[in-house]
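The exercises below ask you to read a protein model from its largest pocket outward to its sheets, helices and loops. Work each task with the structure open before turning to its solution.

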Amino acid sequence: MRSHAGAPPSRRRFLALSAGGAVAGAAALNGCALQVSGSVGGGESVTVMVSPGDITPDQVRQAKKKLGISVELVKWDITKLIAMLTSGNPPDLVRGVGAVDAAYFAARGVAENLDPYFARSTVLRAADLDPVNDLWRFDGRTQGKGPRYGMAKDFSQDSMYWYNTAVFDKAGLAYPSETEPVTFEQWQEDARRLARRKRGQTIVFGGSYAGLTRSTLLATMTASAGGSLFNDDFSRVDFTTPEARKALAWYIDYCRTKVGPSLIQPDPNGWDGPTYQAGRMAMTNSGYWLGGMIGADPKLAAVSRLAPAPVFAGGPRISACQGGTGLWMPKKAKNKDAAWRVFEWFFGEEPAKERAAGGWGIPTLKSLRPLMPHQEAYQQRTLKVQDDELRHYSVVSFTPYTRADALDALFNQAAPAAMNGAISVDSLAGKLNDVVNEQLKRGKEQVG
């Protein structure tokens, strides 16, 4: 991989493949030598770029009191991050989504290899790391292997889905099994029977199956069909392989039949949570994470169940994480020792314990699992399903040559015609191959 020693990446090269403001290419960067010290002195300051709510004002005060480190929060913004990276003055820690960001930033040489820090940490021990943290590994070719470039704060197996038993009862449908996955075909048939319409408008969605991004959803579904959306070096996609076409055809059919929210039938609430809470959505593939909202509403909790990720008939049982949101450290961070101490605190101490107890995601340290909500009968039932599903977790690797939001922008331009029946799935597959592979080609040229 080519790099330019001692100089930050050129902004023009970083933005070369941008789509809708998304980063999509960068020159690599050697960065400065790794700084490792035995302790952090008082009066240090660490800048952390996160989204609102990732780190609360109370936690900022907690860090100052416990660590003696001032945490300065900067709102996550991709354009601002690019500017800071290209000027050589990045934040000390940055929010990222492991499933799609880890390989991207590592391939461009702007992310710090954290293996030496993990090796000496007494807080974040390798044996205690959940396998989901492998999303933050990249060996220069494949995600899930090689050095660690970050860590997830919590996670869900995002193809798992919640369902409302009251809506199933009203439709006279049997509940999905809590141990054996339904097929995608059965899931969609159930969604058709659960959907309710009035005067041509959907008043109850039969189910929502959008994934965190369309690109990660389709990559995961292709893996569930027994294939891979990408070629061996992740430089090309092929939506015309039998497995990828099966995934694409299923999703387009889901959109065409309007059993759930999509580009051609948006959810007025913008996301599944409020719609499911209002009893206007029978199923939502939001994974364990949504349990934080469900558990806060006793009436909703009483009728909600978590089910395993669906499978394609004859395909392998895949239950991936499409997110793995956490933090990474830029190579050019100015205060790495203090940043690492904040990193340890955030992922292994008080904030991590609070997150685990809240039910908004599975903790990424195995030692924190006992803190997950388990007092009530519905919580125990949920944990039983979730614990069994963890046995089927695997990393579905993503390309390092562009960002998921850039690929989604291309998909969103091409797919509505197929969703509305104006073009065939095969025509869409060919069109996606053309536009996505052009994007990936430019990304690979940028990385080198």
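**Exercise 1. The largest pocket**

How many residues line the largest pocket, and which of them lie nearest its centre?

*Solution.* Two conventions come before the count. This is a predicted model, in which local features need pLDDT of at least 70 and side-chain atom pairs count only at pLDDT 80 or more, while totals for chains, interfaces and linings use all residues. Residues are numbered from 1 along each chain as its sequence is written, and side-chain values use heavy atoms, with hydrogens and water left out.

Step 1: A pocket is an open set of points on a 1 Å grid over the protein atoms alone, where a 1.4 Å probe fits and protein lies on both sides within 12 Å along at least five of seven lines; lining residues have an atom within 4 Å of a point. By this criterion 50 residues line the largest pocket, and Arg95, Leu212, Trp271, Trp289 and Thr325 lie nearest its centre.

Step 2: The volume of the largest pocket is about 1,500 Å³, a volume being the space filled by probe spheres set on the points, which are joined across faces, edges and corners.

Step 3: Elements that each supply at least two residues of this lining include strand E3 (93–97), helix H4 (98–107) and helix H16 (404–419); helices (H or I, at least four residues) and strands (E, at least two) are DSSP runs, numbered from the N terminus.

Step 4: By class, the lining holds 17 nonpolar, 20 polar and 13 charged residues, where Ala, Val, Leu, Ile, Met, Phe, Trp, Tyr, Cys and Pro count as nonpolar, Asp, Glu, Lys and Arg as charged, and the others, Gly among them, as polar.

**Exercise 2. The sheet of 5 strands**

In what order do the strands of the open sheet of 5 strands lie, and which stand at its edges?

*Solution.* Step 1: The order is E2-E1-E3-E13-E6, with mixed pairing; two strands pair if DSSP finds at least two bridges between them.

Step 2: Strand E2 (69–75) and strand E6 (150–152) have a single partner strand each, so one side of each is left without a neighbour in the sheet.

Step 3: Strand E6 pairs with strand E13 (residues 325–328) in the antiparallel sense over 3 bridges, and Ala152 stands opposite Gly326 in E13.

Step 4: Helix H3 (residues 78–86) packs on this sheet, touching strand E1 (44–50), E2, E3 and E13, and its direction makes about 135° with that of E1. Helix H4 lies across E3 and E13 and runs at about 125° to E3. Such angles run from 0 to 180 degrees between N-to-C directions, along axes that are lines fitted to C-alpha atoms, for helices over the stretch in contact.

**Exercise 3. The sheet of 3 strands**

Which strands form the antiparallel open sheet of 3 strands, and in what order?

*Solution.* Step 1: The order is E11-E8-E12. Strand E11 (283–284) and strand E12 (304–307) stand at the edges, so one side of each is left without a neighbour in the sheet.

Step 2: Strand E8 (residues 161–164) is joined to E11 by 2 bridges, with Tyr163 opposite Met283. Between E8 and E12 there are 4 bridges, and the bridge partner of Tyr161 in E12 is Ala307.

Step 3: Both faces of E8 are covered, with Tyr161 and Tyr163 buried on one side and Trp162 and Asn164 buried on the other; buried means under 20% relative accessible area, exposed over 50%, and partly exposed in between (1.4 Å probe, protein chains only).

**Exercise 4. Loop residues**

Is Arg199 buried or exposed, and what is the corresponding assignment for Phe234, buried or exposed?

*Solution.* Step 1: Arg199, in the loop between strand E9 (196–198) and strand E10 (201–204), has a positive phi of about 55° although it is not a glycine. Arg199 is exposed, at a relative accessible area of 76%.

Step 2: Phe234, in the loop between helix H8 (214–224) and helix H9 (242–256), has a positive phi near 65°. Phe234 is buried, at 9% relative accessible area.

Step 3: Val237 lies in the loop between H8 and H9 and is buried, at 5%. Leaving aside neighbours within four places in sequence, Val237 is in contact (heavy atoms within 4.5 Å) with residues including Leu229, Asn433 and Val436. Val237 and Val436 are 199 residues apart in sequence and 7.2 Å apart in space, C-alpha to C-alpha.
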